[in-house]
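Here are some exercises to work through with the model open beside you. Try each task before reading its solution.

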Amino acid sequence: MGVSCSSPEKGISVVTVDFPPVNALPVQGWFALADAVREAGRDPGTRCVLLAAEGRGFNAGVDIKEIQAAGQQALIGANQGCAEAFAAVYECGTPVVAAVQGFCLGGGIGLVGNADAVVASEDAFFGLPELDRGALGAATHLARLVPQHLMRTLYFTGRTVSAAELHGHGSVWRVVPRAELPGAALGLAREIAAKDGGLLRMAKAAINGIDPVDVRRSYRFEQGFTFEAGLSGLAGRIRDTFGKQGKEGA
């Protein structure tokens, strides 16, 4: 349980998340993930980082129960932890491949949207149920996966899209049966890691440098509204319905 790192092949570092039952990360889990990705990227022997998860789903976002129990301090911690984890993926010195199975919701969109490439299983689905959780955020990252109007529709409705749909938009590299996901993601990481390590790092920096949106600043702007909703009491009222009949998330 937690965040672990391994190196199955030369040049490839695998960062694996495992927070049963649904990979809804507590505050410290987000910071641990950020540290693991940054450490893997700093290793001069790493040419590609593979971000994976154990269990039936890739990521279910933040641990709502922790926020309900600890209040504003947990909300602040979750905001900061998510911002650091998302930034760590984006700013990683080497390319990051995300291997996604099952649900990828909320904070999972932040991770995948900031990754350099995505491989998904056929049962994977993606969405931002934030409005049903008393929160806002990660539209910045969803906008990197789907066109603008679709992003807005998904955001306002809380609906999800399948891996096949994202493949059609060009944001998922390959869609494979779940049993083939680890091999397919590792295969892409291997192809990337076969390039010169120094040039890969230059390429990552160059591509980030021409991005039209500053993803860290954009996401932190969104988070300001999440905190505003929290201070007003609106977020708490919505969050208190979480898990009750008629208000279940995906």
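**Exercise 1: a pair of helices**

Helices H1 (residues 27–42) and H3 (residues 72–91) are roughly parallel to each other, because their angle falls under 35 degrees. This is a predicted model, in which local features need pLDDT of at least 70, side-chain atom pairs count only at pLDDT 80 or more, and totals for chains, interfaces and linings use all residues. Residues are numbered from 1 along each chain as its sequence is written, and side-chain values use heavy atoms, with hydrogens and water left out.

Task: describe how the axes of H1 and H3 cross.

Solution. Start with the axes, lines fitted to C-alpha atoms over the stretch in contact: they come within 8 Å and cross at roughly 20°. Next, take the hand: the crossing of H1 and H3 is left-handed (the near helix is turned anticlockwise from the far one by less than a right angle). Finally, sort the residues of this contact: 14 are nonpolar, three polar and three charged.

**Exercise 2: strand E3**

Task: find which strands are joined to E3 by bridges.

Solution. First, six bridges join E3 to the parallel strand E2 (residues 12–18), with Cys48 as the partner of Ile12. From E2 the chain passes through H1 to reach E3, a right-handed β-α-β crossover. Then turn to strand E4 (residues 96–100): three bridges join E3 to E4, again in parallel, and Val49 stands opposite Val96.

Task: is E3 enclosed or not by the rest of the structure?

Solution. Check both faces: Cys48, Leu50 and Ala52 are buried (under 20% relative accessible area, 1.4 Å probe, protein chains only) on one side, as are Val49, Leu51 and Ala53 on the other. Six of the six residues of E3 are buried, so this strand is largely enclosed.

Terms used
Buried means under 20% relative accessible area, exposed over 50%, partly exposed in between (1.4 Å probe, protein chains only). Helices (H or I, at least four residues) and strands (E, at least two) are DSSP runs, numbered from the N terminus. Two strands pair if DSSP finds at least two bridges between them. A crossover is right-handed if, with the strands pointing away from the viewer, the path from the first strand over the helix to the second runs clockwise. Axes are lines fitted to C-alpha atoms, for helices over the stretch in contact, and angles run from 0 to 180 degrees between N-to-C directions. Angles under 35 degrees count as roughly parallel, over 145 as roughly antiparallel, 65 to 115 as roughly perpendicular and the rest as oblique. Ala, Val, Leu, Ile, Met, Phe, Trp, Tyr, Cys and Pro count as nonpolar, Asp, Glu, Lys and Arg as charged, and the others, Gly among them, as polar.
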